[in-house]
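Grab a pencil and open the viewer. Below are a few short exercises, each with a solution worked out step by step.

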Amino acid sequence: TVTYAIRIFNEGEVLAKASKVVDYLPEGVSFKKAYLQLEEGSEKLELSATEQTSIPGTVEYVEDSKMVKFTYSGNLLNSFDPEQDTLDYYTFYIECEVEPEAKGILTNVTEITEYEWAGNRMVTTDIDSTSGNWDILPLDKTDGASRLDEEWIDYSNSRDLPDEIED
């Protein structure tokens, strides 16, 4: 099992949140479940396809494209306060099963596809994500599966999987 953690934080000057986030799973893993953690040390809340009263979010898994789509309906995140040097955030977790034939580095890619902000200031782009920027996740035209463009991957914190995975 491998768990991807996607931390969404607000480093801007106004209240804001990423209301829709998409994660593209690599070949070699199968989606099991997803969680939302609202703050460090709090309980991880299991997400489902329908919104629940006590959980401000949903998850949808699109199997044929290996996309995990998150919707967050919770509070706006506080803006970054340089004097406090703290960031307000929430974290999505994706739990996956590593398939027996998986080899190499299993890198996922995440992008913010919709965000909301407070106030009258217009935010034109998210500095960490450009929705639909397929230059970093091109489509492999031969079999319709997505693959990562090698020149965009930072392998500095990655590790190779063994040829065989023990249970």
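Before counting partners, fix one term: two strands count as paired if DSSP finds at least two bridges between them. Strand 3 and strand 4 (residues 45–46) make a good test, as they pair in the antiparallel sense over two bridges. Keep in mind throughout that this is a predicted model.

**Exercise 1. Work out which secondary structure elements the protein has, and in what order they come.**

Start with the inventory: there are eight strands and zero helices. Now read along the sequence, and the pattern comes out as β-β-β-β-β-β-β-β.

Next, look at how the chain packs. Of the 167 residues, 35% are buried. Take the contacts with a separation of 6 or more: residues 24 or more positions apart account for 68% of them. On the outside, the protein exposes about 10,800 Å², and carbon and sulfur atoms supply 46% of that.

**Exercise 2. Find the strand order of the open sheet of four strands, and say which strands sit at its edges.**

A reminder first: strands of a sheet pair through backbone hydrogen bonds, either parallel or antiparallel.

Step one is the order. The open sheet reads 5-6-2-8, with antiparallel pairing. Its edge strands are strand 5 (57–62) and strand 8 (109–117), each of which pairs on one side only. Ignoring direction, neighbouring strands in this sheet are turned by 15 degrees against each other on average.

Step two is to walk across the sheet, pair by pair:

- Strand 5 and strand 6 are antiparallel and share six bridges; V59 has F70 in strand 6 as its bridge partner.
- Strand 2 and strand 6 run antiparallel and are joined by five bridges; D23 stands opposite V68 in strand 6.
- Strand 2 (residues 16–24) pairs with strand 8 over eight bridges, again in the antiparallel sense; here V22 has E111 in strand 8 as its bridge partner.

Step three is the turn. The hairpin of strand 5 and strand 6 has four residues between the strands, and K66 takes a positive phi there, near 55 degrees.

**Exercise 3. Now trace the partners of strand 3.**

Begin with strand 7. Strand 3 (residues 29–37) pairs with strand 7 in the antiparallel sense over eight bridges, and Q37 stands opposite T91 in strand 7.

Then go to strand 4. You've already met this antiparallel pair with its two bridges. L36 has L45 in strand 4 as its bridge partner.

**Exercise 4. Is S19 buried or exposed?**

First place S19: this residue is in strand 2. The cut-off for buried is under 20% relative accessible area. S19 has a relative accessible area of 2%, so it is buried.

What covers it? Skip residues up to four places away in sequence, and S19 touches F70, T71, Y72, E114, Y115 and E116.

**Exercise 5. Do the same for P56, a loop residue.**

P56 is found in the loop between strand 4 and strand 5. Its relative accessibility is 17%, so P56 counts as buried under the 20% cut-off.

Now list the company P56 keeps. Leaving aside neighbours within four places in sequence, its contacts are L36, L38, E51, T71, Y72, S73 and G74. Check one of these by distance: the C-alpha atoms of P56 and L38 are 9.2 Å apart, with their positions 18 residues apart along the chain.

**Exercise 6. How many aromatic pairs does the whole structure have, and which residues form the aromatic cluster?**

A search of the whole structure gives four aromatic pairs. One of them is F70 with F92, a stacked pair at 4.1 Å centre to centre, with 20 degrees between the planes. F70 lies in strand 6 (residues 67–72) and F92 in strand 7 (residues 89–98), so this pair ties together parts that are 22 residues apart in sequence. Both F70 and F92 are buried.

Move on to Y90 and F92. Their ring centres are 5.7 Å apart and their planes stand at 85 degrees, so this pair is edge-to-face. Y90 is buried as well.

Put the rings together, and F70, Y72, Y90 and F92 form one aromatic cluster.

One last ring to find: K44 lies over the face of Y93, at 4.1 Å from the ring centre.

Terms used
Residues numbered from 1 in each chain as written. Predicted model: local features only at pLDDT ≥ 70, side-chain atom pairs only at ≥ 80, totals over all residues. Heavy atoms only, no water. Buried < 20%, exposed > 50% of the residue type's maximum accessible area, 1.4 Å probe, protein only. Contact = heavy atoms within 4.5 Å. Areas by Shrake-Rupley, 256 points an atom, 1.4 Å probe, with all protein chains shown as cover. Axes fitted to C-alpha atoms, helices over the stretch in contact; angles between N-to-C directions. Phe/Tyr/Trp six-rings, centres within 6.5 Å; stacked < 30°, edge-to-face > 60°. Lys NZ or Arg CZ within 6 Å of the ring centre and 35° of its normal.
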